[in-house]
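Me: I'd like to learn how to read a structure like this one, step by step. Could you walk me through it?

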Amino acid sequence: MSDTRPEFDLRPDPRILPMLGEITLAQWRCVAELIDNSVDGFLAAARRDSPIDSPEVTVNIPTTDSQAARITIRDNGPGMPPDVLEQAVRAGWTGN
């Protein structure tokens, strides 16, 4: 069975690199932004007349302080096409 997952180009635009070190966003705001993105996805689906049944956002927070600790945010939203995903995760791209 072959792997059919697309490859993504996640290189940031070189113009944005000097600014990345200047970002002073509180960690809680980063988590809030990801949750907000989930809610936006649910609302967008409803506006397209494709509402998500029982929309859900799950946030798992680590209970130990270790390098392996991770915060995980998951939702059952509609997701986005691979080309939009690639642009969304690249630094320097603007969009909702």
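Reply: Happy to! Let's begin with a residue on the surface: valine 84 has a relative accessible area of 33%, so it counts as partly exposed. Valine 84 sits in helix α3, which covers residues 82–88. Do keep in mind that this is a predicted model.

Me: What is the order of the elements along the protein chain?

Reply: Start at the N terminus and read along: the order is α-α-β-β-α. That gives three helices and two strands.

Me: Which residues join Val84 in a nonpolar surface patch?

Reply: A patch is read as a group of neighbouring side chains. Here Phe8, Met80 and Leu85 join Val84, and the patch has an area of about 310 Å². For the chain as a whole, the accessible surface is about 8300 Å², with 53% of it belonging to carbon and sulfur atoms.

Me: Where is methionine 80 placed, and what does it touch?

Reply: Look at the element, then at the contacts. Methionine 80 is in the loop between β2 (72–75) and α3. Setting aside residues up to four places away in sequence, methionine 80 touches Leu85 and Ala88. Its relative accessible area is 45%, so methionine 80 is partly exposed. You can also compare sequence with space: methionine 80 and glycine 41 are 39 residues apart in sequence, while their C-alpha atoms are 8.9 Å apart.

Me: Is serine 38 buried or exposed?

Reply: Buried means under 20% relative accessible area. Serine 38 has 6%, so it counts as buried. This serine belongs to helix α2, residues 27–47. Beyond its neighbours within four places in sequence, serine 38 is in contact with Val57 and Asp75.

Me: What share of the protein chain is buried?

Reply: Of the 96 residues in the protein chain, 5% are buried. For contacts, take pairs at least 6 apart in sequence: 51% of these contacts join residues at least 24 apart.

Me: Which residues in the loop between α2 and β1 should I look up for their phi values?

Reply: Here you look at the sign of phi and at the residue type. Aspartate 49 has phi near 60°, a positive value in a residue other than glycine. Serine 54 is another such case, with phi near 50°. Aspartate 49 is in the loop between α2 and β1 (57–60), and serine 54 is found in the loop between α2 and β1 too.

Me: Why do aspartate 49 and serine 54 count as exposed?

Reply: Exposed means over 50% relative accessible area. Aspartate 49 counts as exposed because its relative accessibility is 70%, and serine 54 because its value is 60%.

Note on methods:
Residues numbered from 1 in each chain as written. Predicted model: local features only at pLDDT ≥ 70, side-chain atom pairs only at ≥ 80, totals over all residues. Heavy atoms only, no water. Helix = DSSP H or I, 4+ residues; strand = E, 2+ residues; numbered from the N terminus. Buried < 20%, exposed > 50% of the residue type's maximum accessible area, 1.4 Å probe, protein only. Contact = heavy atoms within 4.5 Å. Patch = residues over 30% accessible without salt bridge, like charges linked within 9 Å, V, L, I, M, F, W, Y side chains within 5 Å. Areas by Shrake-Rupley, 256 points an atom, 1.4 Å probe, with all protein chains shown as cover. Salt bridge = Lys/Arg side-chain N within 4 Å of Asp/Glu carboxyl O.
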